[in-house]
Amino acid sequence: MEPETMMAAAEKPGAALAALEAPLRRRLRLAGALAALAGLTWPLQALAVAASVQGWADGTLTFGTGAALAALFALGGLLRAGLDARAGGIAFDAAERLVASERARLLAAEAGRVDRAMNSAAFAALAAQKLPLLQPYLTRYRPAVLRAAIVPLALVAIVLPLSWAAALL
């Protein structure tokens with residue numbers, strides 16, 4: 001991060017983190033979108049279960065229909081697992097890149113200093129212990145924020161045409 005960016009980031013809380021994330025924003029959004037898409041597969045599974053139960057209760061469930069609904073349920077589960085895994089992989093790769101680039105930037109900046117304002121223990125703690133703490137934030141929190149913003153609204157949009165009362169809940 002450039003000194004001008006650091007000064008601007010220090011003026012607002014969270015701005016330094018946003019400045020760190022900036023080069024990875026596109027990858028993190030992709031990971032969040034895939035995580036949200038994974039969260040939207042469960043209505044497909046709920047449809048398969050509801051149709052199975054209704055067919056069973058009505059006595060109209062045939063072996064072929066039941067097998068197709070079971071396959072739809074399994075496909076939804078596989079799709080969800082695949083999307084979650086891909087989202088996690090993208091977010092983890094982005095976090096690894098960020099930690100590696102920031103560690104390299106810190107090493108280059110410290111190697112060029114003559115005054116050694118930071119002692120070696122503090123520098124080692126920052127490079128080896130504190131930078132990796134960004135990984136859980138980038139791999140779990142960032143995709144979850146996007147998922148939490150998209151999935152509830154999509155579920156309301158799915159349920160609203162069927163029941164406005166259920167959509168309110």
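Let's start with a single side chain: Y141 is partly exposed, with a relative accessible area of 46%. Keep in mind that this is a predicted model.

Y141 has a partner. The structure holds one aromatic pair, and the rings of Y137 and Y141 form it, with centres 5.3 Å apart and planes at 25°. Planes under 30 degrees apart count as stacked, so this pair is stacked. Where do Y137 and Y141 lie? Both are in helix α7, which covers residues 134-159, and they are four residues apart, about one turn of the helix.

Helix α7 also helps to build the inside of the protein. Together with α5 (63-111), α7 is among the elements that give two or more residues to the largest nonpolar core. That core has twelve residues, including L20, L24, A94, L98, F123, L134 and L138. Which element gives the largest share of this core? It is α5, with five residues. One of the core residues, L98, is in contact with L20, L24, L134 and L138, leaving aside its neighbours within four places in sequence. There is also a second, separate core of eight residues, with L34, A35, L83 and I90 among them.

How confident is the prediction? The protein averages a pLDDT of 85, and 89% of the residues score at least 70. Two helices mark the ends of the range among the elements:

| Helix | Residues | Mean pLDDT |
|---|---|---|
| α1 (lowest) | residues 3-11 | 50 |
| α4 (highest) | residues 42-58 | 93 |

Notes:
Residues numbered from 1 in each chain as written. Predicted model: local features only at pLDDT ≥ 70, side-chain atom pairs only at ≥ 80, totals over all residues. Heavy atoms only, no water. pLDDT = per-residue confidence, 0-100. Phe/Tyr/Trp six-rings, centres within 6.5 Å; stacked < 30°, edge-to-face > 60°. Buried < 20%, exposed > 50% of the residue type's maximum accessible area, 1.4 Å probe, protein only. Core = buried A, V, L, I, M, F, W, Y, C linked by side-chain atoms within 4.5 Å. Contact = heavy atoms within 4.5 Å.
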